[in-house]
Amino acid sequence: TRNGEAVMEKNLSNLEEMSGAHGMIDDIFDESYREKEGPKPAKRYVWRNIILMSMLHIGSLYGIYLIPSAKLMTLGWGIICFVVSALGVTAGAHRLWSHRSYKATWPLRIFLAVANSMAFQNDVYEWARDHRVHHKFSETDADPHNASRGFFFAHIGWLLVRKHPDVIEKGKKIDLSDLKADKVVMLQRRYYKPSVVIMCFLVPTIVPWYFWGESLAISYFIPAILRYAVVLNAAWLVNSAAHMFGNRPYDRNINPRENRLVVLGALGEGFHNYHHTFPFDYSTSEFGWHYNFTTAFIDLMCFLGLASDRKTVSKEVILARKIRTGDGSHKTG
Ligand code: ST9
Ligand code: ZN
Ligand code: ZN
């Protein structure tokens, strides 16, 4: 059929774009996967997670209430903790380990792994495994945070129920050999629990209390609890909002979108239509440092000799792709 031919042609030209630029990372959308027919398996709630996540969010509301009584230094420290933990996810788990979009020397990898424990979003190995499955089987039963199940599921709901069996079945076939070979990733996985206790809760709390005499309650509820909840929600917004609201200048056939609000909150990770179209680009955007603190950070690391081999996409390939599959919104800016 004509439609079938069009799909074939699209796959072929997508593959041409990918080959060469990307190597072997298992994060490219798989058009051949079909969801199983018949009724979906029942939701199985995980009450432990529901209770802990509720407590975290109530605690962070209390943190907001405490802001006017906090010392300025404590708020600054909260922002530092936000940036460090966010980088552990954006520059670390995401752009380095899930997509291998650049190379990092071992001192930088250790920094990113420690920063990642501060973000407490599962260890890098598990995060990258779920994330590759997300790219490969986007918006299907095999996508851990399948956005076609609605905003709430994509945002936080997926962490409150057992995974769909297809996530695990398809996930087991994803190539993770690069992660298994990375000693820093495996070390972080091995010592994940103590590293989270220290980096996500103890360090953020003890620093303001010890160094400038902040009260223990404020030290705990602002830089630890509130900051943790903010980083979580910023990352979750990429899965929820950036899969629902915004333009699709690069590929109008997929759900992920360019969402300005998410770009701001997630240190440059909201150019999500671009990112799902070209997942290997280290900048997750064609606009360099524009609202993209993570790209500036990676460039600084390269300047310092701690990182190298940044993968990018040429302007010609991007333009050709926009014309071929985009929604036309790039013309209007
Ligand atoms: C969190 C993660 O918040 C946030 C991720 C955000 C992602 C954003 C992505 C967007 C793009 C990037 C932008 C970043 C922006 C950042 C901005 C920052 C400012 N493949 O999981 P289990 C197997 S975490 C293959 O227990 P259940 C495997 O054998 C928050 N196999 O499944 C596994 O055993 P093991 C804190 C897989 O029982 C076994 O199944 N953490 C896969 O269904 C069991 O796995 C929490 O809240 C796979 N994909 O439970 C904890 N998956 O691991 C949340 C599983 O030993 N998690 N297997 O090899 C849980 O409690 C559970 O995972 C569950 C599901 C209840 C959700
Ligand atoms: Zn996505
Ligand atoms: Zn990604």
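In the predicted model, the zinc ion (ligand 2) is coordinated by four histidine side chains, with the NE2 atoms of H134, H243, H272 and H276 serving as donors at 2.1 to 2.2 Å. The angles subtended by the four donor atoms run from 92 to 159° and the arrangement is therefore irregular; a tetrahedral assignment would require all angles to lie between 85 and 135 degrees.

Along the sequence, the donor residues of the zinc ion follow the spacing H-x108-H-x28-H-x3-H. Within this set, the pair H243 and H272 links distant parts of the chain, the two residues being 29 residues apart. H243 is located in the loop between helix 11 (216-239) and helix 12 (260-265), whereas H272 belongs to helix 13 (residues 272-277). Both H243 and H272 are buried.

The surroundings of ligand 1 were examined next. Ligand 1 is surrounded by 36 residues, of which N49, D130, R162, K163 and K172 are the closest. Polar contacts to oxygen atoms of ligand 1 include one from N49, where a polar side-chain atom lies at 2.8 Å, and one from R162, where the corresponding distance is 2.9 Å. A nitrogen atom of ligand 1 is also engaged, lying 3.2 Å from an N or O atom in the side chain of N122. Taken alone, ligand 1 exposes 1,400 Å², and 83% of that area is buried by the protein.

Methods:
Residues numbered from 1 in each chain as written. Chains lettered and ligands numbered in written order. Predicted model: local features only at pLDDT ≥ 70, side-chain atom pairs only at ≥ 80, totals over all residues. Heavy atoms only, no water. Donors = N, O, S within 2.8 Å, 3.2 Å for Na, K, Ca; no water. Tetrahedral: all angles 85-135°; square planar, octahedral: opposite > 155°, others 65-115°. Helix = DSSP H or I, 4+ residues; strand = E, 2+ residues; numbered from the N terminus. Buried < 20%, exposed > 50% of the residue type's maximum accessible area, 1.4 Å probe, protein only. Near = heavy atom within 4 Å. Polar contact = N/O pair within 3.5 Å; in protein donor to acceptor, adjacent residues only side chain to side chain. Areas by Shrake-Rupley, 256 points an atom, 1.4 Å probe, with all protein chains shown as cover.
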